[in-house]
Amino acid sequence: MVPLSFAGHNFLADPQGAMFWPAEKALLVADLHLEKASWFARVGQFLPPYDSQQTLAALTELVDRTAPERLYCLGDSFHDRFGCDRLPDAARAMLLALTGRLDWVWILGNHDPGFADHCGGRLVEEAHVRGLTLRHEADPRDPTPEISGHYHPKLRLQLRGKHVSRRCYVASEAKLILPAFGSLTGGLDAHHPEIRSKVGGQAAALVPVADRLLRFPIAA
Amino acid sequence: MAATGAGKTLAGFLPTICDLAETPAEGLHTLYISPLKALAVDVQRNLLTPIEEMGLPIRVEVRSGDTPSDRKARQRARPPQVLLTTPESLSLLLSYPDSFTMFAGVRNIVIDEIHAFARDKRGDLLGLSLARLQAIAPAMRRVGLSATVSDPDAYRHWLAPDADETLVDLVQGDPGAEPHLSILLPEDRIPWSGHSGRYAAKQVMKLIEQHKTSLVFCNTRGLAELIFQDLWRVNEQSLPIGVHHGSLALEARRKVEAAMADGRLRALVCTSSLDLGIDWGNVELVLQMGAPKGSSRLLQRIGRANHRLDEPSEGTIVPGNRFEYLEARAALDAVDAGELDPEIFRPGTLDTLAQHILACACAAPFEQGELLREIRSAAPYAGLSDEVYERVLQYIATGGYALRAYDKFRRLVEDSPGHWRITKPAVALQHRMNAGIIVDNPMMDVRFKNGRMLGRVEEGFASTLSVGDHIFFAGLSLEIERFKDSDIVVRASKHEARLVTYGGQRMSMTTHLADRVRAFLASSAEWHRFPDDVREWLEVQERRSRLPQPDELLVETFPFEGRHYMVMYSFEGWNAHQSLGMLITKRMEKAGLKPLGYVANDYAIAIYGLEPIDDPAPLLSPDILEGEFVEWVEQSMLLKRAFREVAVIGGLVERQHPGKRKTGKQVSFSTDLIYDVLRKYEPEHLLMKAAWEDARARMTELGRLARLVERAADQMVHVPADRVTPMAVPLMVVIGREALPGGGDAEDSLLIEAEALAQEAMRLD
């Protein structure tokens, strides 16, 4: 994990998309999209039914490593409202173990309406922590500094004839968008106008590598 | 089996014409299967003429992906007597319940250019469809038409029901006149490097001027565009010349094909898209730019000239460098000796089988054992085991995962043990949307502002382009105006432009030609046949280092400009050399030899680093093929690409339909992600097995790599040289022009470098 500061707070950013907040002893992740594969199975596309397991294994590993007291899921935690019912036994056991060992906060996203049985944890629309708003989708009208998900940002570059595509954070002065943490999630180019319009000017795509955070300016 | 131009296509139809002339009847009588849509159109033209001249009441129609849907519907309701189609379209027809009545009266099936696809997945699909057709129409006779091949019996075996080749009569045509073949020598010297023969544009243009019509074959689509531009520049008489390759818009190709057929073009620059036999009787000369890579391919290309049996075809090879000169010479010798490249048949692929079984299920419920017997009557699947068949059924039904998570979403269900049917009509609709064997890389359309489509380029390449860039495409220099959804909007320009590249494997020289080139190197008695500069090159090599004997693996090491080089002359083809380069540099890293990179061509591989290599043997020890190799292949693009193909053909992910994507409704999944998940959680999954089999069997390079490493153990001869050797030069000049090898760390360093550059450029002080 490498240092990332935003709105006067210091975080540690992980390349897969999780962010640790040492001052709060909290872990932040966005867009797990659990049970996305089984959602597609309904229409005859039999993607491997291991996406939840893989996502939760990665999350468990992070929790082991950073020992947070609280974890915020910034919405779209399940791919659809019945996702939780479809969790395979192994994945369900992993999720229950996680929500049992720390204060687990589900922030609701657009894929989450009517989301009820959530394998533990508590549900909130948004959270306000140390002057920061945590919500699913960035709200350009709200001037308070905000951390959100929803857009699955990715940095796409062509470098010496090689195509590179990486999950990235997108940050401006008052907005920070996390990449999707889910194992079976696509992404939206960080330069996409939709993202630019939400974060405002002076934005950058941030990519953690082994020992530091790379910063790629995004033209407004 | 007969040479191009012998009239075999018409021969295949004669029984049908006689039959229908004597006893006219409605209903489908004869199926004609061709690997190319264009070929089916061409045959229709050539077949209609005699039928009309004889005034016979025979309807002949084409059915392919390009056929309008109203005509397709009519063809099923009231089939013509003769239907010309492709393996994919035939398989789709077999997925309809009415296939049992439509095909019941079929008497004849004619499979054209059987050599071009019997050994690939389209051949698997056709083999399975043949088995099904035979079950529907037991009296159907199978006719296969083939160009000259090295092993006709293997094709008899493929064509026969139950793979019983004694049921297939072999009719061999007159071999026809011997072709006149030559190698074009440059006015000055044969270049040290390059592989396209571009240097010879002026001489090629002169040949075009001297002949009525010429075909100019290039080994890649990008090269075809480049050669076309080169020729255009020296086309002082402004002769009408054109360009043709598989990524150009259909209309553009049809226009060029029509112009060729009418004799309106003096030359056509083309690629393997024209390897097969559309009949343009008027071609006088065939030119092969760069090395021919195989003698069979060369013969087929040369056969495109002078489509008349009694006159010789004229062909000229334009080698790109000195090794390619040797390869060209080897190919001519092989043609003279009547020696063709061996054809390797491999067992039928499982993704294709899954697609076929689902097609059968869409047509009607089936009994498991009965369908298995039918499938095994197709030669590629004669050895299909009960166990694998069962796994394929489970895969189609629920994805075949050990977790059995999708039982409630089944596509296939057993009504009683062994009796299967599809669960809902939507399964059939989905199958028909996604069926097919050819899996393209994701593409973007290249269009003018007015919407006219010029063709397609791969997304990966398109992402390297920016507005204002210029590309050579469709024979034009084009400036990028803007990107819009999946379109690249362009305007014509006169600017110097970039070459369009397409991914995928390169064509490698066949082992059989490689053996001939090695034989040349080893016997100086042959050298008098070569031009002075080639002979001199070999002589100095012999004095300064060594020429490898046919059973030797020569490895040279030498310092050059502060770096240390190791060059291996392994002759196993570009693809195998790329893989090996990656593996050896990894070993060198571990051994502290500080490798910097490598380059390869079909003939050799050069690896360079900061430390001298005193003993190359441990770098090539056979255990490289066990641990490191398997690990590397699993992570490589090779296997991921194979997986992408089996995932699409096997129906795991939906096919991308170019027009549909704009609606945004279609979700695309990265098959790389799916591959990584399966590798971790279910490495024994059917599609993983299928991807590995594909990688192993179809990409023969893996076999060549194994052979190379085996040979290395006791045949390596190490020559430490004090400086660069003549044979190393063709590779040395390429160093610096190749991209860095891939991988996580390398990618990180690229990103770090890019960030630094951007920072530097954006600094305001």
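Begin by selecting P622(B) in this predicted model, and then add V709(B), E710(B) and A713(B), which are the residues in contact with P622(B) once its neighbours within four places in sequence are left aside. If you colour the chain by secondary structure, you will find P622(B) in the loop between strand 24 (605-609) and helix 21 (627-635) of chain B. Now draw a distance from the C-alpha atom of P622(B) to that of A712(B), and you should read 8.1 Å, although the two residues are 90 residues apart along the chain. Is P622(B) buried or exposed? P622(B) is exposed, because 12 other C-beta atoms lie within 10 Å, and a residue counts as exposed with 12 or fewer.

Next, select A606(B), a residue of strand 24 (605-609) of chain B. Not counting residues up to four places away in sequence, A606(B) touches Y565(B), V567(B), Y598(B), V599(B), A728(B), L731(B), M732(B) and I735(B), so that showing these side chains together gives you a picture of its surroundings. A606(B) also belongs to the largest nonpolar core, a set of 209 residues, in which V216(B), I227(B), V269(B), V392(B) and A606(B) touch the most other members. The element that gives the most to this core is helix 13 (residues 350-363) of chain B, with 10 residues. A second, separate core of 57 residues can be picked out as well, and its members include I147(A), A171(A), L176(A) and I195(A).

Stay with helix 13 of chain B and add helix 16 (residues 425-434) of chain B to the selection; their axes come within 10 Å and cross at roughly 135 degrees. That angle makes helix 13 of chain B oblique to helix 16 of chain B, and the crossing of the two is left-handed. To see where they meet, show L358(B), A359(B) and C362(B) on helix 13 of chain B, together with V427(B), A428(B) and H431(B) on helix 16 of chain B. By class, this contact has 5 nonpolar residues, 1 polar residue and no charged ones.

For another pair in chain B, select helix 12 (residues 322-336) and helix 18 (residues 511-522), whose axes come within 9 Å and cross at roughly 110 degrees. The two helices are therefore roughly perpendicular to each other, and helix 12 of chain B passes helix 18 of chain B in a right-handed crossing. The contact is made from one side by L326(B), E327(B), R329(B), A330(B), A331(B), D333(B) and A334(B) of helix 12 of chain B, and from the other by L513(B), R516(B), V517(B) and F520(B) of helix 18 of chain B. When you colour these residues by class, you will find 7 nonpolar, no polar and 4 charged.

Move now to chain A and select helix 2 (residues 51-66) and helix 4 (residues 89-101), whose axes come within 9 Å and cross at roughly 30 degrees. This makes helix 2 of chain A roughly parallel to helix 4 of chain A, and the one passes the other in a left-handed crossing. Show S52(A), Q53(A), L56(A), A57(A), L59(A), T60(A) and V63(A) on helix 2 of chain A, and A90(A), A91(A), M94(A), L95(A) and L98(A) on helix 4 of chain A, since these residues make the contact. They divide into 9 nonpolar, 3 polar and no charged residues.

The next stop is N110(A), in the loop between strand 6 (103-107) and strand 7 (122-124) of chain A. N110(A) is exposed, with 10 other C-beta atoms within 10 Å, yet leaving aside its neighbours within four places in sequence, N110(A) is in contact with D76(A), H136(A) and E137(A). A distance drawn from C-alpha to C-alpha between N110(A) and D80(A) gives 9.2 Å, for residues that are 30 apart in sequence.

From N110(A), follow the contact to D76(A), which lies in the loop between strand 5 (70-73) and helix 3 (83-86) of chain A. What is the phi of D76(A) near? The phi of D76(A) is near 50 degrees, a positive value in a residue other than glycine. D76(A) is buried, because 28 other C-beta atoms lie within 10 Å.

Finish at R130(A), in the loop between strand 8 (127-129) and strand 9 (132-134) of chain A. The phi of R130(A) is near 50 degrees, again a positive value in a residue other than glycine, but R130(A) counts as exposed, with 12 C-beta neighbours inside 10 Å.

Conventions. Residues numbered from 1 in each chain as written. Chains lettered and ligands numbered in written order. Predicted model: local features only at pLDDT ≥ 70, side-chain atom pairs only at ≥ 80, totals over all residues. Helix = DSSP H or I, 4+ residues; strand = E, 2+ residues; numbered from the N terminus. Buried ≥ 20, exposed ≤ 12 C-beta atoms within 10 Å, placed from the backbone. Contact = placed C-beta atoms within 7 Å. Core = buried A, V, L, I, M, F, W, Y, C linked by C-beta atoms within 7 Å. Axes fitted to C-alpha atoms, helices over the stretch in contact; angles between N-to-C directions. Parallel < 35°, antiparallel > 145°, perpendicular 65-115°, else oblique. Left-handed = near helix turned anticlockwise from the far one by under 90°. Nonpolar A, V, L, I, M, F, W, Y, C, P; charged D, E, K, R; others polar.
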